[in-house]
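Visitor: I am new to this structure. Please pick one part, go through it closely, and then connect it to the rest.

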Amino acid sequence: MAMPMPTRQLFIDGEWREPISKNRIPIVNPATEEVIGEIPAATSEDVDVAVNAARRAFSRNKGKDWAKAPGAVRAKYLRAIAAKVNERKSDLAKLEALDCGKPLDEAVWDMEDVAGCFEFYADLAEGLDAKQKAPVSLPMETFKSYVLKQPLGVVGLITPWNYPLLMAVWKVAPSLAAGCTAVLKPSELASVTCLELADICREVGLPPGVLNVLTGLGSEAGAPLSSHPGVDKIAFTGSFATGSKVMAAAAQLVKPVSMELGGKSPLIVFDDVDLDKAAEWALFGCFWTNGQICSATSRLLVHENIAAEFIEKLVKWSKNIKISDPMEEGCRLGPVVSKGQYEKILKFVSTAKSEGATILHGGSRPEHLGKGYFIEPAIITDVTTSMQIWREEVFGPVLCVKTFATEDEAIELANDSHYGLGAAVISNDAERCDRVSQAFEAGIVWINCSQPCFTQAPWGGVKRSGFGRELGAWGLDNYLSVKQVTLYTSNDPWGWYKSPN
């Protein structure tokens, strides 16, 4: 089932170009630990070339080719890209699974979402023209005012490795729909499908320079993109630590940023639920995507009345999860993305143990897999709120469990975090779910489920989980500048100063 990794260069101004340094980065298959290909390593010189290409594309023909073209023109390209993604879905999913280790079934689902995201923003691009010149109501009849929404300009998009293509497209699709031109810098740990997106853009004839794709290290390509004077906005998804560096770089030029950072999301399970249903959502909320989700509900709060029975169910369900090479049929948990990530997660588990927590299940290499960065999903109990495992984002298949007695206590424990991306509640009491949803300090709340995500609904967090919203109409607004236009409609002179005549 193995397929060869395509050899690609950087994609700049509609062409493949070798990086100026000529350096390349090896691609390691996390399931086998074998080098299966390589990607080009861009540096600041390549960033300059790409940003200049994006600037030219933005202003070409006085903007009429892209930025000021009718929304329907941009929509045509977005739909063509969506069609190609659907056409290549199977190959793209395989490349994604090989590159980042996610189960193939999941990768296929991601590719369907990628195509859907382009379709959704094609519709919004078309609708943008009709919304121009929206009138503003004024208290003086001698003036009229309206609003124009215009593309921000050249945007730098820095994206993560857990959903390599999908999270890139969450930024690419709305930024292009808005009329911006873009430089995309995917994570060096998983860039293959973003280079394939570049190939699709070339195939559909996207005007040169509208989307440029630079692969490379964060320090060598991401940092110069963040601080580049030719970039008008940065949109970033990744860790809190890197996000604060990106913000600091952008701040030098007072450049707008939107940030989707880490999380340590809570899931509250009350004692009035179907335990099997709740157990599956609890595991899905934390172990989906091999546990590598910023919004993972990795802090499980269970009502003390059901805790013993519920935790027993979690272990039984966990033992039933198929852990295998992502390409194997029925795989539900693949390897984590890299050796560094693997070692980091194991260190989190051993620290939890040394701090007095109980590793009830998993947390180490599965016995049947001798190589690859596989970790049996961990369920950790006897956790206190001061422990590292409770406070810090692990970004791996690690679930820690605490009990609570009252609704107020559950909410207090849930909100006791620097993060605020997602939060979930499972209960059959609709009014309670409503109260808890309003009390959660989070940008996304799930009731009786965990992790569903739809292109139509806003996505983003509060506190150290970042700011700004992706997806839905909010995602488009991220890349638009609002311009007020006011006109004086009276034939009479203004009359503030005395006429010299």
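Guide: What follows starts from one annotated residue and works outward.

The model is predicted, with local features needing pLDDT of at least 70 and side-chain atom pairs counting only at pLDDT 80 or more, while totals for chains, interfaces and linings use all residues. Residues are numbered from 1 along each chain as its sequence is written, and side-chain values use heavy atoms, leaving out hydrogens and water.

The part chosen is Glu260, which an unreviewed UniProt entry covers with the annotation "active site". UniProt positions appear in the numbering used here, feature names are shortened, and such annotations may be inferred rather than shown by experiment. In the model, Glu260 is found in strand 11, residues 257–260. Strands (E, at least two residues) and helices (H or I, at least four) are DSSP runs, numbered from the N terminus. Is Glu260 buried or exposed? Glu260 is buried, at a relative accessible area of 3%; buried means under 20%, exposed over 50%, and partly exposed in between, with a 1.4 Å probe and protein chains only.

Which residues surround Glu260? Leaving out residues up to four places away in sequence, Glu260 touches Met167, Trp170, Phe236, Thr237, Gly238, Cys294, Leu421, Trp459, Ser465 and Glu470. Contact here means heavy atoms within 4.5 Å.

One of these, Thr237, deserves its own look. Thr237 is found in strand 10, residues 233–237, and is buried, with a relative accessible area of 5%. Beyond four places in sequence, Thr237 touches Ile158, Thr159, Pro160, Met167, Lys171, Glu260 and Glu470. Met167 and Glu470 therefore touch Thr237 and Glu260. The side chains of Thr237 and Lys171 are also joined by a polar contact of 2.5 Å. A polar contact is a pair of N or O atoms within 3.5 Å; within protein, one must be able to donate a hydrogen and the other to accept it, and residues adjacent in sequence count only if both atoms are side-chain atoms.

The same record gives a wider frame. UniProt lists residues 16–485 for "domain: Aldehyde dehydrogenase" in an unreviewed entry. That span is 40% helix and 20% strand, and its end C-alpha atoms lie 42 Å apart.

Another buried residue is Val398, with a relative accessible area of 2%. Val398 lies in strand 16, residues 398–404. The C-alpha atoms of Val398 and Ala296 are 9.7 Å apart, although 102 residues separate them along the chain. Neighbours within four places aside, Val398 is in contact with Cys286, Phe287, Ser298, Ile345, Val349, Ala378, Ile380 and Ile389.

Strand 16 is also among the elements that cover the buried residues of helix 13, along with strand 12 (266–269), strand 13 (299–303), helix 14 (430–439) and strand 20 (462–463). In helix 13 (residues 407–415), the buried residues are Glu407, Ala410, Ile411, Leu413, Ala414 and Asn415.

Charged pairs come next. The structure holds 32 salt bridges, each a side-chain nitrogen of Lys or Arg within 4 Å of a carboxyl oxygen of Asp or Glu. In one of them, the side chains of Asp13 and Arg56 meet at 3.0 Å, N to O. Asp13 lies in the loop between strand 1 (10–12) and strand 2 (15–17) and Arg56 in helix 1 (residues 44–59), so this pair ties together parts 43 residues apart in sequence. Asp13 is buried at 17% relative accessible area, whereas Arg56 is partly exposed at 44%.

Arg332 forms a salt bridge with Asp105, with the closest N and O atoms 3.1 Å apart. This pair links distant parts of the chain, 227 residues apart: Arg332 is in the loop between helix 10 (307–319) and helix 11 (339–354), and Asp105 is in helix 4 (residues 104–128). Arg332 is partly exposed at 46% relative accessibility, and Asp105 is partly exposed at 43%.

A further salt bridge joins the side chains of Arg435 and Glu407 at 2.8 Å, N to O. Arg435 in helix 14 and Glu407 in helix 13 are 28 residues apart. Arg435 counts as partly exposed at 42% relative accessibility, and Glu407 as buried at 19%. Elsewhere, salt bridges that share partners join Arg8, Lys84, Glu87, Arg88, Glu196, Asp199, Arg202 and Glu203 into one network.
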